[in-house]
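Let us take a walk through this structure together, one piece at a time. Have the sequence at hand and turn the view as you read.

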Amino acid sequence: MSGNIIYVKDVSVKLKDQIVLDSIGFEVESPSLIVVVGPNGAGKTTLLKTLLGIIKPFRGDVRVLGLNPFKDGVKVRRLVGYVPQKDRVSHETPLKVGDVVLMGILLRKKLLRFISEEDIEAAMKALAYLDMEDKWDSLFSELSGGQQRKVLIARALASDPMLLLLDEVFAGLDLESQRKLLSLLEMLKNKKRTIIVVEHELDPIINIADKILVLNRSICLYGEPHDVLSEDKLKPIYPCLRTIEKEGRRIVILGDMHA
Amino acid sequence: MLDPFVLRAILGILFASLSTPILVIMLLRGSLYITPEISHAALGGAALGVLIQTCFPALSDPFPTVILFCVATAIFVSYTGRGSQQSLGTMISVSLAISVTLYAVIRSCCLPADKRVLVDGYLISDLLLLSDAGVLNLAIASITATVITLIFYREFIYICFDMDAAEAFGLRVRMYDLLLFSTSAVAVAVITRAVGVLLSVTLLILPVAASSIITRNVGMMIISSLIIAMLSGIMGIALSLQFNMPTGGTIAISSTILFSLTYLTKLKKQ
């Protein structure tokens, strides 16, 4: 699929009588990798949930994969891979890693959701991308935070979706895992997949991003990295912003603040 | 050859035990503590059922009204209390107040003395007094709860594990959550019929709690809670016959003993 995979026009969202997203609009071409950054409470997760049709805006128009997610919510969600923030996952439910990854496949099936050999192969393949295939029979709750993150990413990948929405997937991953995840995302982009990554910081994802969207309830900046990454443009949004040199690379550290 | 009273009691407890799988899922959902509260709704339902039965004698058993009342309470609690733990707690208390008030008002003001015994039978029940129709009602209700649990097992587990992702992957989580609460309410009604409202907490909580001590595997938790509930029931009926006590009380004693043994075994292993 090429062309605009996401179309958002003049969208405003209220949560508990508070405006969380205010008249935002942008388009995403396929394939591409978009990084969404913004301070805490800027509406990043709300934006992902709006694209999935879980949170309905009180104004504006949203199209995902050519569909209206508020009318065809279930259809859209079955075509999109989503990795939520890990802290929403229950550790009281003793599911094995294999069961967690299969969840990403079985929820796209019809009722009774029988497991086929192909489903197990696809789930194994998704785990193998993240070097986690040997953890198939381990309890999810007994893995380290970083390993749990990888399993949730594998769950989103298992059904080979056209669009991936990743909410803070780099948090808690060690450097080696971050490097592997970056190559995986690059590989997916080469396979014509579109990826939207929500992060607090630009490093390390900035190296493979096609566009950056800086969100602070409204869209502050949206464009290619070289257009967006200037201190003049970012400083009003991130007063604590600083730039450092690391291994010959210039790294922009946004710093954190509340919206 | 077993005495028909004993046979009906054994069948009753077997059907009541069949209700435990959905309670294991409620434990994983973090909502098992709601089930004893729902069981109090059975009192209001029983009073209303007996009142209806008094007005329309063709309706022989108040149990279907008890089930409806429990299901309505579960739906009310889960729908109105979904905002936060605080609002959930408030709505549980509201439903408890409504049920107990309904029970007290109908029992005192609307029922003749001979019918009050039927309602009071829901406070502490005796399985040895179960009729053929009573066994049939328990069978229909518990098999319905079991079939729903089997069909929607994955949906329920996914809601328990990661509600956000389940919704994001296209599952209608609110609908399945309501179904989970409603099915558990049917299980609660069955267990309440078997042991009574006052002692229902022992069969609602203890077998499931014991199973969660024994294993961390969901399938094994379901099987072990089923076995513990059955053992508690059979032991309870045997104790009841031996010491001429109501089965509700002896089943409660048995399940408490089994839970304590499981807990102590775990402590010893540690």
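What share of the contacts in chain B with a separation of 6 or more comes from residues 24 or more positions apart? For chain B, that share is 74%. Please keep in mind throughout that this is a predicted model.

Let us stay with chain B for a moment. Its secondary structure consists of 13 helices and zero strands, so if you follow the chain from the N terminus you will meet α-α-α-α-α-α-α-α-α-α-α-α-α. Along its principal axes, the C-alpha trace of chain B spans about 55 × 40 × 30 Å. A compact globule with 270 residues would have a radius of gyration near 18 Å, and the 18 Å of chain B agrees with that. As for burial, 50% of the 270 residues of chain B count as buried.

One helix of chain B is worth a visit. Helix α5 (residues 85–110) of chain B has 26 residues. From its first C-alpha to its last, α5(B) reaches 36 Å, close to the 38 Å expected at 1.5 Å a residue. Which residues of α5(B) are buried? They are B:Met91, B:Ile92, B:Ser95, B:Leu96, B:Ser99, B:Tyr103 and B:Ile106. An α-helix has 3.6 residues a turn, so residues three or four places apart point the same way. With that in mind, look at where the buried residues of α5(B) go: they pack against α3 (34–55) and α4 (63–80) of chain B.

Now turn to chain A, which has eight helices and 11 strands. The radius of gyration of chain A is 18 Å, close to the 18 Å that the globule rule gives for 259 residues, so chain A is as compact as a globular protein of that length. The C-alpha atoms of chain A fill a box of roughly 55 × 45 × 35 Å along the principal axes. Buried residues make up 41% of the 259 residues in chain A. Among the contacts in chain A with a separation of 6 or more, 65% are between residues 24 or more positions apart.

A good place to enter chain A is strand β8 (residues 211–216), where six of the six residues are buried. Do its two faces differ in which residues they carry, and what are those residues? A:Lys211, A:Leu213 and A:Leu215 point one way from β8(A), while A:Ile212, A:Val214 and A:Asn216 point the other way, and all are buried.

From β8(A) you can step to a neighbour on either of two pairings. Strand β3 (residues 33–37) of chain A runs parallel to β8(A), and four bridges join them. Here A:Val35 stands opposite A:Ile212, and A:Val36 has A:Leu213 as its bridge partner. The other pairing is with strand β9 (residues 218–223) of chain A, which is antiparallel to β8(A) over five bridges. In that pairing, A:Asn216 stands opposite A:Ser218. What lies between β8(A) and β9(A)? The two strands form a hairpin with one residue between them, and A:Arg217 in the turn has a positive phi of about 70 degrees.

Going back to β3(A), you will find a mostly covered strand, with four of its five residues buried. β3(A) also pairs with strand β7 (residues 194–199) of chain A, in the parallel sense and over five bridges. A:Val35 appears again here, standing opposite A:Val197 in β7(A).

With both chains in view, let us see where they meet. How many residues of chain A are in contact with chain B? There are 22, and they touch 20 residues of chain B. On the side of chain A that touches chain B, the elements giving two or more residues are α2 (73–79) and α3 (97–106) of chain A. By class, that side of chain A has 13 nonpolar, three polar and six charged residues.

Finally, look at the largest nonpolar core, which has 151 residues. Among its members, A:Val101, B:Cys70 and B:Val190 touch the most others. Helix α10 (residues 173–195) of chain B gives this core its largest share, 12 residues. To see the surroundings of A:Val101, leave aside its neighbours within four places in sequence: A:Val101 is then in contact with A:Ala123, A:Ala126, A:Leu127, A:Val151, A:Ala154, A:Arg155 and A:Ala158.

Definitions and conventions
Residues numbered from 1 in each chain as written. Chains lettered and ligands numbered in written order. Predicted model: local features only at pLDDT ≥ 70, side-chain atom pairs only at ≥ 80, totals over all residues. Contact = placed C-beta atoms within 7 Å. Nonpolar A, V, L, I, M, F, W, Y, C, P; charged D, E, K, R; others polar. Rg over C-alpha atoms; globule rule 2.2 N^0.38 Å. Buried ≥ 20, exposed ≤ 12 C-beta atoms within 10 Å, placed from the backbone. Core = buried A, V, L, I, M, F, W, Y, C linked by C-beta atoms within 7 Å. Expected span 1.5 Å × (residues − 1). Pairing = 2+ DSSP bridges.
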